[in-house]
Amino acid sequence: MAENIHQLRPKSSDSEKITINVGYVDLGHIDLMVQEGFYSNRTDFIRTAIRNQLERHADVVKQSTVRKRLDLGLRHYSEKTLKRCVRRRGAAHPGAWPRQYRPDVTPELARATIASVAVLGALHASPTVKAALADRTR
């Protein structure tokens, strides 16, 4: 039986799972909208609501990213990227958006090249790299 089980959709690496508490009345409204066919499921409703709010506040987000000089989007850091960054301008102070440290980034390289890191979203790195940057993460 186990040989008949296959993954329908690979887990997306560009999302993070969150948990929210929703009141019973709101949940009832959401379920009704799903039942009426406006949304395929609760998650579809919540994702749509989040996207709508982000779109509604897009100008504020844009102004803030310019003012704070932030990069928006997922950033990938490899051993090569970090070494190039240090050659150009010294220890790195990566921006505040989700980032992913590739497997070739060792804890030693991370500590030697990253002075501080601010994360809005999620930090994807090996447990050892996360531990090495723990005192530099805000």
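This passage walks through the predicted model of the protein, from its overall make-up to its salt bridges and surface patches. Because the model is predicted, local features need pLDDT of at least 70 and side-chain atom pairs count only at pLDDT 80 or more, while totals for chains, interfaces and linings use all residues. Residues are numbered from 1 along each chain as its sequence is written, and side-chain values use heavy atoms, with hydrogens and water left out.

To begin with the overall picture, the protein contains 6 helices and 3 strands. Helices (H or I, at least four residues) and strands (E, at least two) are DSSP runs, numbered from the N terminus. Read from that end, the order of the elements is α-α-α-β-α-β-α-β-α. The protein has 138 residues, of which 22% count as buried; here buried means under 20% relative accessible area, exposed means over 50%, and partly exposed lies in between (1.4 Å probe, protein chains only). About 10,900 Å² of the protein is exposed, with carbon and sulfur atoms supplying 54% of that area. Accessible areas come from the Shrake-Rupley method with a 1.4 Å probe, and for residues only the protein chains shown count as cover. Among contacts (heavy atoms within 4.5 Å) with a separation of 6 or more, 44% are between residues 24 or more positions apart.

Helix H2, which spans residues 42–56, is the place of Phe-45. Beyond its neighbours within four places in sequence, Phe-45 is in contact with Ile-30, Met-33 and Tyr-39. The C-alpha atoms of Phe-45 and Val-34 are 7.8 Å apart, and the two residues are 11 residues apart along the chain. Helix H2 also holds Ile-50, which counts as partly exposed because its relative accessible area is 40%. Ile-50 joins Ile-18, Ile-20, Val-22 and Leu-54 in a nonpolar surface patch of about 450 Å². Patches are made of residues with over 30% relative accessible area and no salt bridge; like charges are joined within 9 Å, and nonpolar side chains (Val, Leu, Ile, Met, Phe, Trp, Tyr) within 5 Å.

Charged residues come next. Side chains of opposite charge can pair when their charged atoms come close. A salt bridge is a side-chain nitrogen of Lys or Arg within 4 Å of a carboxyl oxygen of Asp or Glu, and by this rule there are 4 salt bridges. In one of them, Glu-79 pairs with Lys-83, with the closest N and O atoms 2.9 Å apart. Both residues belong to helix H4 and sit 4 residues apart, about one turn of the helix. Glu-79 is partly exposed, at a relative accessible area of 30%, and Lys-83 is also partly exposed, at 39% relative accessibility.

Another salt bridge joins Asp-135 to Arg-111, again with closest N and O atoms 2.9 Å apart. This pair links distant parts of the chain, 24 residues apart: Asp-135 is in the segment after helix H6 (127–133), and Arg-111 is in helix H5 (residues 107–113). Asp-135 counts as exposed because its relative accessibility is 59%, whereas Arg-111, at 34%, is partly exposed. Asp-135 also forms a salt bridge with Arg-136, where the closest N and O atoms are 3.9 Å apart. Arg-111, Asp-135 and Arg-136 are thus linked in a network of salt bridges.

Finally, Lys-80, Arg-84, Arg-87 and Arg-88 gather in a surface patch of positive charge. Lys and Arg count as positive and Asp and Glu as negative, while His and the chain ends are not counted; the place of a charge is taken as NZ of Lys, CZ of Arg, CG of Asp or CD of Glu. Lys-80 lies in helix H4 (residues 79–89) and counts as exposed, at 62% relative accessibility.
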